[in-house]
Each structure stands twice: as C-alpha cells, then as structure tokens.
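The following exercises concern charged side-chain pairs and helix packing. Please work through each task before reading its solution.

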Amino acid sequence: MSESPDDLPTLHSLDEVAEWMARARHLYVRWSRGPGVDLAASSSVDELTGTPLPGLSANSLDVEPWWQDRPIRLWAARRLYDYCHLPRLRGEGVRPWLLRGREAARGPDNEPLVRDVEPLAWISRKVIEEATQEIEEQPGPWGPVRRRPWREGPDPSR
C-alpha cells in the first residue's frame, strides 16, 4: 500500500491506456496536480463563478457503443488529446492521471463530475505525444477542445 495518493504507477504507452480501457469501465482521466491535492478537496470549482462542484472534473474514457469495433487506442488518443492544452493553461505540475469513479453530476462544460475516486496511474508525457501523433495521422481535421473563440474566426452569422 502506498503512503501517498500520488504514489501511483505510471503508464508509458497509449497501448497501456487502451488495455486498461478494454478491461474496465468507469475510467476517467483528470488533468491536475494529482490525487494528493484533489482528494483533499474532493470537488472541483467552476472557474467562472467560483461555485464548488459536487465532484472532481474528469473526462470519461469509456468507449461509447456507437464506436463499435473501431480501435480503442484511437478512442483513447482522442480523449487524451482533447485536453492536452491544460498543462499550458493551468501551470506547472498539472498532468493527466487515470482514475476509477462514479459520475455524480455534470459540470458547466458538460464534463463528468466524479465521486468515490480511486487513483490508478499517472499518464506519462510520452502517452500524450503518442496520442497527438495518432490524431495527426487521421484524415479529418481535429484539435483540442480549447479552440479559438468565435470572435477570432469567420463571422458565424454568414
């Protein structure tokens, strides 16, 4: 048994993440300074209003039925790539970690808010690099969730 919630094994490949996903459900990825900090607070806060939320913001790794028999590796890559901008936005020490939990509600960005959190593993930078490469090799254009504001793009009323 580890002495700290941050004493977790580290996943070093996208295939390792996909293997976890193939074996278990109710898995999430959270981008933060780690379970040691997060479990002490046990909830996230809405950045816009400061309102405490009823769980930790996370992103589900569960594969949806409509994905059918497509590669779990690609699903994992997409889910990890979508939020790879968070370390740049939130600062030093923010990194992804794998957890199991129970969705208690949805946050203001429709993200799952997770309770009964069981930290499972850190996700290494190498995994995020593999996820980025996997996404960049796909034929369709894609980008992380943090896209340009509409004011910086074409006029949406046209």
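Three exercises with worked solutions follow, based on a predicted model.

**Exercise 1.** Determine which parts of the chain the salt bridge between Asp 62 and Arg 25 links, and classify Asp 62 as buried or exposed.

Solution.
1. The structure contains 11 salt bridges. In one of them, the side chains of Asp 62 and Arg 25 meet with an N to O distance of 3.5 Å.
2. Asp 62 lies in the loop between β4 (59-60) and α3 (72-81), while Arg 25 lies in the loop between α1 (14-23) and β2 (27-32). The two residues are 37 residues apart, and the pair thus links distant parts of the chain.
3. The relative accessibility of Asp 62 is 10%. Buried means under 20%, so Asp 62 counts as buried.

**Exercise 2.** Identify the salt bridges that Arg 73 forms with Glu 130 and Glu 134, state where the partners lie, and name the network to which they belong.

Solution.
1. Glu 130 and Arg 73 meet through their side chains in a salt bridge of 3.5 Å, N to O. This pair links distant parts of the chain, with Glu 130 in helix α5 (residues 125-136) and Arg 73 in helix α3, 57 residues apart.
2. Arg 73 also forms a salt bridge with Glu 134, where the closest N and O atoms are 3.1 Å apart. Here again distant parts of the chain are linked: Arg 73 belongs to helix α3 and Glu 134 to helix α5, 61 residues apart.
3. Salt bridges with shared partners join Asp 15, Arg 73, Lys 126, Glu 130 and Glu 134 into one network.
4. Accessibility is then assigned within this group. Glu 130 has a relative accessibility of 15% and therefore counts as buried. Glu 134 is buried, with a relative accessible area of 15%. Arg 73, with a relative accessible area of 25%, is partly exposed.

**Exercise 3.** Classify the mutual orientation of α1 and α3, and describe the residues through which α1 and α3 meet.

Solution.
1. α1 and α3 pack at an angle of about 105°, and their axes are 9 Å apart.
2. Angles of 65 to 115 degrees count as roughly perpendicular; α1 and α3 are therefore roughly perpendicular to each other.
3. On the α1 side, the contact involves Leu 14, Asp 15, Val 17, Ala 18, Met 21 and Ala 22. On the α3 side, Ile 72, Arg 73, Trp 75, Ala 76, Ala 77 and Leu 80 take part.
4. Sorted by class, the contact of α1 with α3 has 10 nonpolar, no polar and two charged residues.

Notes
Residues are numbered from 1 along each chain as its sequence is written. This is a predicted model: local features need pLDDT of at least 70, side-chain atom pairs count only at pLDDT 80 or more; totals for chains, interfaces and linings use all residues. Side-chain values use heavy atoms; hydrogens and water are left out. A salt bridge is a side-chain nitrogen of Lys or Arg within 4 Å of a carboxyl oxygen of Asp or Glu. Helices (H or I, at least four residues) and strands (E, at least two) are DSSP runs, numbered from the N terminus. Buried means under 20% relative accessible area, exposed over 50%, partly exposed in between (1.4 Å probe, protein chains only). Axes are lines fitted to C-alpha atoms, for helices over the stretch in contact, and angles run from 0 to 180 degrees between N-to-C directions. Angles under 35 degrees count as roughly parallel, over 145 as roughly antiparallel, 65 to 115 as roughly perpendicular and the rest as oblique. Contact means heavy atoms within 4.5 Å. Ala, Val, Leu, Ile, Met, Phe, Trp, Tyr, Cys and Pro count as nonpolar, Asp, Glu, Lys and Arg as charged, and the others, Gly among them, as polar.
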